[in-house]
Amino acid sequence: MVISELVREAASRLKDNALFEAELMVMSALNINRTQLVLRGNGGVENTQISAVEDMVKRRLGGEPLQYILGETEFMSLDFYVESGVLIPRSDTETLVEEVLDKALDGAKVLDICAGSGCIGISIAHYKPNVTVDLLDISDKALDTARKNIIRNNVADRVKTVKMDILKEYPNKKYDIAVSNPPYIETEVIETLQTEVKNHEPRLALDGGADGLTFYRRITEIAPEILNKGGILAFEIGYNQSERVFSLMERSFENIKVIRDLNKNDRVVTGILKG
């Protein structure tokens, strides 16, 4: 079997985006890039490589997200390691990062709350070379993944991880910006999500409580204790949560803004600490 045949065989068994996913699987199994995939299409493949692709196809047909199978994903044009037990970065979240990048001044101290893979804070550090970032999460798996991504993206001199349960405690230091993509899905809604989300991604990173606002309440409550004067709070939100999060922020924040993503859904809410 040659490379092009392996791609076609895998694609014939896959479902949505079959050819695209098959190509990524073959590229991963053979450790080649897309250019090599095209130029070496008539090159032979080893039995171990065929078996590796076969295993990937079976996992995908079982509903496992492609990102977990490949062990990586792209976010903000950067490469991030991901594995089961850690929320997969979404392109919608780039709206949050871009908003923070637009507001972050040189030398800013940034706190990424519920950091997961670290994609938000690490991207901010990558594109703002003079800021420092703390990645905060309660999950050991998430923090281990974030540390791998810190190294992968060459920001170890300015980014560190912090293990903490933000619902029970908060950092004993001040930041210029707090950014968070917290769990925000209502508990009863989780079972209605796509199979690859509800059965494979960590519930800890999805469940925002009965009304989806548990983390927003807590973070807006403690924000005055962890932000410097004039500090910025920036949230990712669900498409139907802008008004409620806006209301939570009104007590302590001013100049509150709602920003839409590329699909025209409300995606980000930002505000400046009063006083």
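**Exercise 1. Asparagines in loops**

Is Asn 17 buried or exposed? Find where Asn 17 lies in the chain, and then treat Asn 154 in the same way.

*Solution.* The structure is a predicted model, and every step below is to be read with that in mind. Begin with the position: Asn 17 sits in the loop that runs between helix H1 (3-13) and helix H2 (18-30). Next, take the accessibility: Asn 17 has a relative accessibility of 54%, and because the cut-off for exposed is over 50%, Asn 17 counts as exposed. Then look at the backbone, where Asn 17 has a positive phi of about 55° although it is not a glycine. Most residues other than glycine have a negative phi.

Asn 154 can be worked through in the same order. Asn 154 belongs to the loop between helix H8 (140-152) and strand E5 (159-163), and with a relative accessibility of 66% Asn 154 counts as exposed. The phi of Asn 154 is positive, about 55°, although this residue is not a glycine either.

**Exercise 2. Helix H2 and its buried residues**

Describe helix H2 by its length, its buried residues and its packing partners, and then examine two of its glutamates.

*Solution.* Start with the length: H2 has 13 residues and spans 18 Å from its first C-alpha to its last, which is close to the 18 Å expected at 1.5 Å a residue. Just after H2, Asn 31 takes a positive phi of about 55°.

Now turn to the buried residues of H2, which are Ala 18, Glu 21, Ala 22, Glu 23, Leu 24, Met 25, Val 26, Met 27 and Leu 30. These buried residues pack against H1, helix H3 (34-39), H4 and H5.

The glutamates come last. Glu 21, which lies in helix H2, has a relative accessible area of 7% and is therefore buried, the cut-off being under 20%. If neighbours within four places in sequence are left aside, Glu 21 is in contact with Leu 14, Asp 16, Arg 60 and Leu 66. Glu 23, also placed in helix H2, is buried with a relative accessible area of 17%. Not counting residues up to four places away in sequence, Glu 23 touches Val 7, Arg 34 and Leu 37.

**Exercise 3. The surroundings of strand E6**

Why is strand E6 described as largely enclosed by the rest of the structure, and which strands pair with E6?

*Solution.* First consider burial: five of the six residues of strand E6 (residues 175-180) are buried, so the strand is largely enclosed by the rest of the structure. Then consider the pairing with strand E3 (residues 109-113), which runs parallel to E6 and is joined to E6 by four bridges; in this pair, Leu 111 stands opposite Ala 178 of E6. Finally, E6 also pairs in the parallel sense with strand E7 (residues 227-236), over five bridges, and here Tyr 175 has Leu 227 in E7 as its bridge partner.

**Exercise 4. Two pockets**

Give the volume of the largest pocket and of the second largest pocket, and describe the lining of each.

*Solution.* The largest pocket holds about 950 Å³ of space. It is lined by 45 residues, and those closest to its centre are Leu 87, Pro 182, Pro 183, Ala 205 and Leu 206. Helix H7 (119-127) and strand E4 (132-137) are the elements that give two or more residues to this lining. Sorted by class, the lining of the largest pocket has 27 nonpolar, ten polar and eight charged residues.

The second largest pocket has a volume of about 540 Å³. Of the 20 residues that line the second largest pocket, Asp 16, Glu 21, Arg 60, Gln 194 and Glu 196 lie nearest its centre. Two or more residues of this lining come from each of H2, helix H4 (47-61), helix H5 (66-70) and helix H9 (195-198). By class, the lining of the second largest pocket divides into eight nonpolar, five polar and seven charged residues.

**Exercise 5. An arginine in helix H11**

Which residues does Arg 244 touch, not counting residues up to four places away in sequence?

*Solution.* Arg 244 lies in helix H11 (residues 242-249) and is partly exposed, with a relative accessible area of 31%. With those sequence neighbours left out, Arg 244 touches Glu 186, Asp 211 and Leu 213. Arg 244 and Leu 213 are 31 residues apart along the chain, and their C-alpha atoms are separated by 8.3 Å.

Technical notes:
Residues are numbered from 1 along each chain as its sequence is written. This is a predicted model: local features need pLDDT of at least 70, side-chain atom pairs count only at pLDDT 80 or more; totals for chains, interfaces and linings use all residues. Side-chain values use heavy atoms; hydrogens and water are left out. Buried means under 20% relative accessible area, exposed over 50%, partly exposed in between (1.4 Å probe, protein chains only). Contact means heavy atoms within 4.5 Å. Two strands pair if DSSP finds at least two bridges between them. On a 1 Å grid over the protein atoms alone, a cavity is a set of points where a 1.4 Å probe fits but cannot get out, and a pocket is an open set with protein on both sides within 12 Å along at least five of seven lines; lining residues have an atom within 4 Å of a point. Grid points are joined across faces, edges and corners, and a volume is the space filled by probe spheres set on the points. Ala, Val, Leu, Ile, Met, Phe, Trp, Tyr, Cys and Pro count as nonpolar, Asp, Glu, Lys and Arg as charged, and the others, Gly among them, as polar. The expected span of a helix is 1.5 Å times one less than its number of residues.
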